[in-house]
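Visitor: Please choose a single part of this model and take me through it closely. I should like each term to come with its cut-offs.

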Amino acid sequence: MTFVKGHGTENDFVLLPDPRGELELTAELARTLSDRRSGIGADGVIRVAPSPEHPDRFLMDYRNSDGSPAEMCGNGARVFARFLVDAGYQPAGTFTFDVRGGERVATVDGDGDVSVGLDVVTLGPDGPVAVVAGREHRGRAVNVGNPHLVTVLGPDDPELADLDLAEPPSFSASDFPDGVNIEFVSVIDDDRVRMRVYERGAGETRSCGTGTAAVAAVQLARTGRRVGTVTVDVPGGTVHVTIDDDGRATLRGPAVLVYSGTLNPAVLAG
Ligand SMILES: N[C@@H](CCC[C@H](N)C(=O)O)C(=O)O
């Protein structure tokens, strides 16, 4: 069985091409492959399978590095789209693929950038709190298909780079019964912010596509807008997020495949 390793702004993924739809991406397999010492190392694993519903489409089957499934992974979707084109499954340009419970439209251009349309971004109430190193950071709940808590750092908060995210921030389970991805934001100007993220099921990562969409929606709202483009600088690069009239977000940024290899069959056997 072959695998491909890729990343989008250093949010990194193992892709498992499964053209006949024979493989089960179990939680255990995702954990094994994601391990950065005994496995390949990744923030998440993506099985590339034929769509059971649309014979002409592929399905992105995703799990976080801890084995948990997630409703959506924005950077993973961009890397998945890059793989479909580079592997010859899709011509470059704009095409549709399936995700669990929905479909996404991607555009893969020659310049290395890949765009993917996400779900409607829904702003929830202000008020949920993330606690980092004993300090409370009040934020806003945002749904991008998956749950997010966006906190914008104020003048009295530590610098973004100084936040200690080695341990998971705590949050109220009654606000987020299914867990949450937590974004910390430092504003550069109305149209550009910096972000760090602690991802549900993966820990601190170098980028999170759905997280950048959540942050963009909050930044637009903070500046009296619903629609527009926000540039989000993450530790692994830069993602551009456009939110349209319908509240749908499109991510644009680099997505690259870095190497491929062969899995030891013993790994698949468990
Ligand atoms: N890295 C992803 C998000 C992956 C899923 C997330 N950890 C969750 O559990 O919701 C992205 O690029 O969106």
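**C73 and its surroundings**

Guide: C73 counts as buried, because it has 30 C-beta neighbours inside 10 Å. The term buried requires 20 or more other C-beta atoms within 10 Å of the residue's own; exposed means 12 or fewer, partly exposed anything in between, and C-beta atoms are placed from the backbone. The model is predicted: local features need pLDDT of at least 70 and side-chain atom pairs count only at pLDDT 80 or more, whereas totals for chains, interfaces and linings use all residues. Residues are numbered from 1 along each chain as its sequence is written.

C73 is placed in the loop between β4 and α2; helices (H or I, at least four residues) and strands (E, at least two) are DSSP runs numbered from the N terminus. In UniProt, an unreviewed entry lists C73 together with C208 under "active site". These two positions are spread over 136 residues of sequence, yet they cluster in space, with a largest C-alpha distance of 7.7 Å. UniProt positions follow the numbering used here, feature names are shortened, and annotations may be inferred rather than shown by experiment.

The helix that follows this loop is α2, residues 74-86. Its 13 residues should span 18 Å at 1.5 Å a residue, and the end C-alpha atoms are 19 Å apart, which agrees. The expected span is 1.5 Å times one less than the number of residues. Because 12 of the 13 residues of α2 are buried, the helix is largely enclosed by the rest of the structure. The buried residues include G74, N75 and G76 as well as R78, F80, R82 and F83. After α2 comes G88, with a positive phi near 85°.

A second helix, α3, covers residues 209-222. Between its first and last C-alpha, α3 reaches 20 Å over 14 residues, close to the 20 Å expected at 1.5 Å a residue. Here 12 of the 14 residues are buried, so α3 is likewise largely enclosed by the rest of the structure. Among the buried residues of α3 are G209, T210, G211 and T212, and also V218, Q219 and L220. Just after α3, G224 takes a positive phi of about 75°.

Both helices contribute to the surroundings of the ligand. The ligand has 18 residues around it, of which A70, N75, N146, G209 and T210 are the closest; a residue is near a molecule or strand if its C-beta atom, placed from the backbone, lies within 6 Å of it. The elements that give two or more residues to this shell are α2 and α3, and α2 gives the most, with three. By class, the shell holds four nonpolar, 11 polar and three charged residues. Ala, Val, Leu, Ile, Met, Phe, Trp, Tyr, Cys and Pro count as nonpolar, Asp, Glu, Lys and Arg as charged, and the others, Gly among them, as polar. Domain 1 (2-117 + 255-269) and domain 2 (120-254) both give residues to the shell, so the ligand lies between them; domain bounds come from an automatic or database assignment.

On the other side of the C73 loop is β4, residues 58-64, which pairs with β5, residues 93-99, in the parallel sense over two bridges. Pairing requires that DSSP find at least two bridges. In this pair L59 stands opposite D98 of β5. β5 is also joined to β6, residues 102-108, by seven antiparallel bridges, with V99 opposite G102. β5 and β6 form a hairpin with two residues between them, and G101 in the turn has a positive phi of about 75°.

Further pairing involves β17. Strand β7 (residues 113-120) meets β17 (residues 248-254) in the antiparallel sense over six bridges, and D113 has P254 as its bridge partner. Four antiparallel bridges also join β16, residues 237-243, to β17; there I243 is partnered by A249. β16 and β17 form a hairpin with four residues between them, and G247 in the turn has a positive phi of about 85°.

The loop between β1 (2-8) and β2 (11-17) also merits attention. Most residues other than glycine have a negative phi. T9, in this loop, has a positive phi near 45°, and E10, in the same loop, has one of about 70°. T9 is buried, with 26 other C-beta atoms within 10 Å, whereas E10 counts as partly exposed, with 16 C-beta neighbours inside 10 Å.
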